[in-house]
Amino acid sequence: QVELVESGGGLVQPGGSLRLSCAASGSIFSIYAMGWYRQAPGKQREWVAVIRSGGSTNYADSVKGRFTISRDNAKNTVYLQMNSLKPEDTAVYYCNADLLATTRDKYWGQGTQVTVSS
């Protein structure tokens, strides 16, 4: 049984910062990649950032230069540092992990709300 638990969402003013965390737990043998997606009201879920087991990262153009993804392998935890937040960053943010438990599969967290508003 694998579980991803996100935390760190909330309400922040434009220009502010938030740090999201996502911890993976369960019978995990290996994590290949962890990442973040987001879904704004009325829109499809979109990819935000990914960090692979070797440490390489990629970002969506909309967040490049403002968001930083990092990972603590010992804790099976991924972070998303979000700076210079804009109202258009408002969304439910979901953690995603490509990992090997009993089988290799992709898992999702329950989501955490981020609202950027004055």
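## A walk through an all-strand chain

Of the 118 residues in this protein chain, 43% count as buried. Keep in mind as you look around that this is a predicted model.

Start with the secondary structure. The protein chain has 11 strands and zero helices, so, going by the DSSP runs, reading from the N terminus you meet one β element after another, β-β-β-β-β-β-β-β-β-β-β. How does the radius of gyration sit against the globule rule? The protein chain comes out at 14 Å, close to the 13 Å the rule gives for 118 residues, so it is as compact as a globular protein of that length. If you want to set up a box, the C-alpha atoms fill one of roughly 45 × 25 × 25 Å along the principal axes. The accessible surface comes to about 6,300 Å², and carbon and sulfur atoms own 46% of that. As for contacts with a separation of 6 or more, 53% of them are between residues 24 or more positions apart.

Now for the way some of the strands pair up. Strand β1, residues 2–7, runs antiparallel to strand β3, residues 18–26, and six bridges join the two. To find your place in that pairing, look for Glu-6, which stands opposite Cys-22 in β3. Strand β3 is also joined to strand β8, residues 77–82, again antiparallel and by six bridges. Here you can use Arg-19 as a marker: its bridge partner in β8 is Gln-81.

Cys-22 deserves a second look. Which residue does Cys-22 form a disulfide with? The partner is Cys-95, and the two sulfur atoms lie 2.1 Å apart, which puts them inside the 2.5 Å cut-off for a disulfide. The pair links distant parts of the chain, with Cys-22 in strand β3 and Cys-95 in strand β9 (residues 91–100), 73 residues apart. For the torsion-minded, the angle about the S-S bond is -80°, making the link of Cys-22 and Cys-95 left-handed. Both cysteines are buried, and the disulfide count comes to one.

On to the nonpolar interior. In soluble globular proteins, nonpolar side chains tend to be buried together. In this model the largest nonpolar core has 33 residues, and those with the most contacts inside it are Trp-36, Leu-80, Met-82 and Tyr-93. Several strands feed this core: β1, β3, β4 (30–39), β5 (46–52), β7 (67–72), β8, β9 and β11 (112–116) each supply at least two residues. The largest share, five residues, comes from β9.

Met-82 is a handy place to see the packing up close. Skipping its neighbours within four places in sequence, Met-82 is in contact with Gly-16, Ser-17, Leu-18, Leu-20, Arg-66, Phe-67, Tyr-93 and Val-114. Tyr-93, in that list of contacts, is also among the residues with the most contacts inside the core.

Finally, go back to the start of the chain and find Val-2, in strand β1. Is Val-2 buried or exposed? Its relative accessibility is 16%, so Val-2 counts as buried; the cut-off for that is under 20%. Leaving out neighbours within four places in sequence, Val-2 touches Ser-25, Ile-28, Leu-99, Ala-101 and Tyr-107, all counted as contacts. Ser-27 is worth picking out too: the C-alpha atoms of Val-2 and Ser-27 are separated by 6.5 Å, although the residues are 25 apart along the chain.

Definitions and conventions: Residues numbered from 1 in each chain as written. Predicted model: local features only at pLDDT ≥ 70, side-chain atom pairs only at ≥ 80, totals over all residues. Heavy atoms only, no water. Pairing = 2+ DSSP bridges. Helix = DSSP H or I, 4+ residues; strand = E, 2+ residues; numbered from the N terminus. Buried < 20%, exposed > 50% of the residue type's maximum accessible area, 1.4 Å probe, protein only. Rg over C-alpha atoms; globule rule 2.2 N^0.38 Å. Contact = heavy atoms within 4.5 Å. Areas by Shrake-Rupley, 256 points an atom, 1.4 Å probe, with all protein chains shown as cover. Core = buried A, V, L, I, M, F, W, Y, C linked by side-chain atoms within 4.5 Å.
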